[in-house]
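Me: I'd like to learn how to read side-chain exposure and ring pairs in a model. Can you walk me through one?

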Amino acid sequence: HEYDYKQLQASGQSKQVMVIGGGVGGMMSAIAAAENGHEVCLYEKNDRLGGQWNLACIPPYKQELASLVNWQKQYLEKLKVKVELNKEVTAAMMAEENPTEIIVATGSRPIIPPIKGIEGAHVLTAAQVLSGQKIVGQRTAVIGGGDVGCETAAFIASTGKEAAVFEMMDTACPKMEGSVKFFLQQYLDKHSVAIHLGAQVLEIREHSVLYKQNGEVCEYGPVDNIVIALGGRANSALADQAPPAATVHVIGDAAGARRGINAMQEGYKVGKEI
């Protein structure tokens with residue numbers, strides 16, 4: 001889309017731009033705004049840039065994706081974009097800095113459904129497992145058969161442990177690109193990762209999962225851990241707390257669930273139009 005981006009018209013004057021969130025979308029918006037000559041500061045509440053993309057690089061055969069974040073970080077340095085890590089933006093901070101433009105790229109929060117027993121200490125999120133924050137036991141049930149759920153199961157299997165996936169729909173990874181899904185399925189088959197389709201989880205017990213499949217209530221166990229991988233909800237609360245004078249843009253998962261490439265396209269387009 002290089003030609004399309006060349007047609008975007010910037011304002012022609014330098015502005016103060018605050019980017020909230022250092023995922024691939026937020027970084028792309030900062031890059032584009034800096035290319036247009038604006039003064040850009042990017043804030044990330046965690047200790048490193050990359051956001052959810054860092055987790056996407058962890059499952060088997062996906063480590064090469066880390067090169068994207070490395071390139072973005074180097075380009076931000078080249079463009080002299082100010083990057084503040086371990087700094088969570090608040091309404092008071094936005095009011096104090098009073099930037100001309102605010103780009104909200106704060107991603108999403110994991111969906112935690114109201115399943116009985118889900119508050120148990122042995123219940124983890126996919127992000128906790130992929131990041132290494134939590135280590136699963138020898139046998140794990142993954143609730144959610146989308147991209148993240150199946151790739152989390154593949155990651156668990158790559159460590160020599162057992163995993164099974166439970167998906168309420170009749171297909172797994174429905175939005176995954178065909179060739180990627182083919183090789184992921186090969187990996188799951190090779191490591192004996194079972195995918196239970198049409199399986200609605202009814203209850204999480206201390207060492208098992210109760211689910212309904214084909215009208216029959218079944219129990220899977222024993223398990224050491226249950227991992228929740230059901231996607232996320234937009235986290236755009238800061239957009240409503242921005243100073244009245246600022247122009248606010250919400251991109252990526254903060255606006256609604258989408259893929260990393262879509263968040264990057266949105267970020268770059270917003271940055272070029274400022």
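Reply: Sure, start with exposure: under 20% relative accessible area is buried, over 50% exposed, and partly exposed lies in between (1.4 Å probe, protein chains only). Phe 182, at 48%, is therefore partly exposed. This is a predicted model, where local features need pLDDT of at least 70 and side-chain atom pairs 80 or more, while totals for chains, interfaces and linings use all residues. Residues are numbered from 1 along each chain as its sequence is written, and side-chain values use heavy atoms, leaving out hydrogens and water.

Me: How many aromatic pairs are there?

Reply: Rings of Phe, Tyr and Trp (its six-membered ring) pair with centres within 6.5 Å; planes under 30 degrees apart are stacked, over 60 edge-to-face, the rest tilted. That gives five pairs here. Trp 71 and Tyr 75 have ring centres 5.4 Å apart and planes at 35 degrees, so they're tilted. Phe 182 and Phe 183 are edge-to-face, at 5.2 Å and 85 degrees. Phe 166, Tyr 211 and Tyr 220 make one aromatic cluster.

Me: Where do Trp 71 and Tyr 75 lie?

Reply: Helices (H or I, at least four residues) and strands (E, at least two) are DSSP runs, numbered from the N terminus. Both residues lie in helix H4 (residues 66-78), four residues apart, about one turn.

Me: Which residues of H4 are buried?

Reply: Leu 68, Val 69, Gln 72 and Leu 76. Down the H4 axis they fall within an arc of 95 degrees (directions from the axis to the C-beta atoms), so they line one face. On the other side, Gln 74, Glu 77 and Lys 78 are exposed.
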